[in-house]
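Here's a quick briefing to read alongside the structure. Start with how the copies are arranged, then look at where they touch, and finish with the fold of a single chain.

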There are 2 protein chains.
Amino acid sequence: MSEPRNILIVTCHPEAQSLNHALTGHARTTLAALGHRVVESDLYAMRWKAVVDGLDFPAEPQGARLQPGAASRRATDAGRLTPDVAAEQAKLLAADAVILQFPLWWFGLPAMLKGWFDRVFSNGFAYGLTAPGARYSARYGEGRLAGKRALLSVTTGGLAPHFSARGVNGALEDLLFPVTHGTLFYTGMGVLPSFAVHAANRLPDDLFGRACEAYTQRLHGLFGDPVIPYRRQNGGDYDDNLQLLPGVAAGAQGFTAHRG
Amino acid sequence: MSEPRNILIVTCHPEAQSLNHALTGHARTTLAALGHRVVESDLYAMRWKAVVDGLDFPAEPQGARLQPGAASRRATDAGRLTPDVAAEQAKLLAADAVILQFPLWWFGLPAMLKGWFDRVFSNGFAYGLTAPGARYSARYGEGRLAGKRALLSVTTGGLAPHFSARGVNGALEDLLFPVTHGTLFYTGMGVLPSFAVHAANRLPDDLFGRACEAYTQRLHGLFGDPVIPYRRQNGGDYDDNLQLLPGVAAGAQGFTAHRG
């Protein structure tokens, strides 16, 4: 048995009988057998509100111009976030690791899961944490969620070679960079390489078994496997304008430059 | 005056008094002055339904397992998409160019706009168009929307250097690749380099004027400026597994390899 930890699994698929829910079920069983405590957010079952709007900020003056970032900051600081958002933040704070289970739709998050980030990762909670005298906020390797781990578990309708380094869709890890780097690492989390099941719409039963075996390995490595070595904003690789110093990743193109 | 064309502007921001709506207003005026016909989708004003769920497919058997891709295909082929989706598809088909105006939230689309793509870009309309005998579907430079142009107009809360080629956030055009390449070019559209207004939360009035001037230039070039030279799936650069041939973009890393 490993040391017991708290794990949050966020699942986003409209069908309870989906492959995505089956993978979450497999993760639940596997992690429980390791002695971990699993908490879940099944977004469709929760009828998660996907969109940011004025209803998120009931303390704002009626009829005033809504500036979502500023309103989010006031609500966070005053403890006046809506109960659904506050509950998800509490789950995140209690978690040692977060798994996000979703189908890749148009090479990104389904709208409902994007809306989970848009609403739960509020200003003053997940961003905007600027220390007195600091030029930039604490982010990219620092922040409220530092020390936690994150794993994306995705299903795709495409074939694996199409998502390879030179595949027509672009490399899967680069397509997910706005989430792994721009959202999760942004808040301080250590992000594991993503786990993917491809050709998910035509997965025969024996391949589901194999996918579970591969996923089991990844779940066993949730706290021990190396995370993606994204460079820390304040780790000495970026200049005062937050551009990579000339000697760092010289000649590298694309997101690779931001991995050490 | 240019030759009159049909232009669809899709705007996604919860506040009608927002910078995003002001930029859409500027585009409306500028394009009308050029003699173009502008049609708009103001997603928040329309209370656009962001999430894919069973309500999108009323013709599916009650209680049956929902497979969103397959259900989308049946609804598209049978002309049984919901009226809101069908109306957006009709606007797209009538448009010569599409402008998407949105704030960059967590380095991607706001949930509501992601949900516009998730629902409007249905199976049989935007993907899944496989000719008899073809190994792969017609996409990446071919498809139902071929010949049209697309432009992303984004506002960000960050600073321009942070979105530069070696900036800490990653290059803006790479962050948007899942939309520009994976969604718009996927359907056959020619995609212009994205237009961005940075530091949008602290934009003084004179900088709004300057942003409009820069945007005017881009709007004037909507049909004449060169598009991003993404490689066509069936243009001879990819092998049978849709990976770039060894001699193509040799040594290139990241999404750059998919630009000619």
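**How the two copies relate**

In this predicted model, a turn of 180° with a shift of 0.0 Å along the axis lays chain B on chain A, with an RMSD of 0.0 Å. That's the relation of a two-fold axis. Both copies use the same surface, too: 100% of the contact residues of chain B recur in chain A.

**Where the chains touch**

- Chain A puts 57 residues into the contact, and chain B puts in 57 residues.
- On the side of chain B that touches chain A, α2 (68-77), α4 (111-120), α5 (172-175) and α6 (177-184) of chain B each chip in at least two residues.
- The top contributor to that side is α4(B), with 6 residues.
- Sorted by class, that side of chain B has 28 nonpolar, 22 polar and 7 charged residues.

**Inside chain A**

- Chain A has 7 helices and 6 strands.
- Follow the sequence of chain A and you'll read the pattern β-α-β-α-α-β-α-β-α-α-β-β-α.
- Take the contacts in chain A between residues at least 6 apart in sequence: 75% of them join residues at least 24 apart.

**Size and packing of chain A**

- A compact globule of 260 residues would have a radius of gyration near 18 Å, and chain A agrees with that at 19 Å.
- Measuring along the principal axes isn't hard to picture: the C-alpha atoms of chain A fill a box of roughly 55 × 50 × 40 Å.
- Buried residues make up 48% of the 260 residues of chain A.

Methods:
Residues numbered from 1 in each chain as written. Chains lettered and ligands numbered in written order. Predicted model: local features only at pLDDT ≥ 70, side-chain atom pairs only at ≥ 80, totals over all residues. Contact = placed C-beta atoms within 7 Å. Helix = DSSP H or I, 4+ residues; strand = E, 2+ residues; numbered from the N terminus. Nonpolar A, V, L, I, M, F, W, Y, C, P; charged D, E, K, R; others polar. Least-squares fit on C-alpha atoms with pLDDT ≥ 70 in both. Rg over C-alpha atoms; globule rule 2.2 N^0.38 Å. Buried ≥ 20, exposed ≤ 12 C-beta atoms within 10 Å, placed from the backbone.
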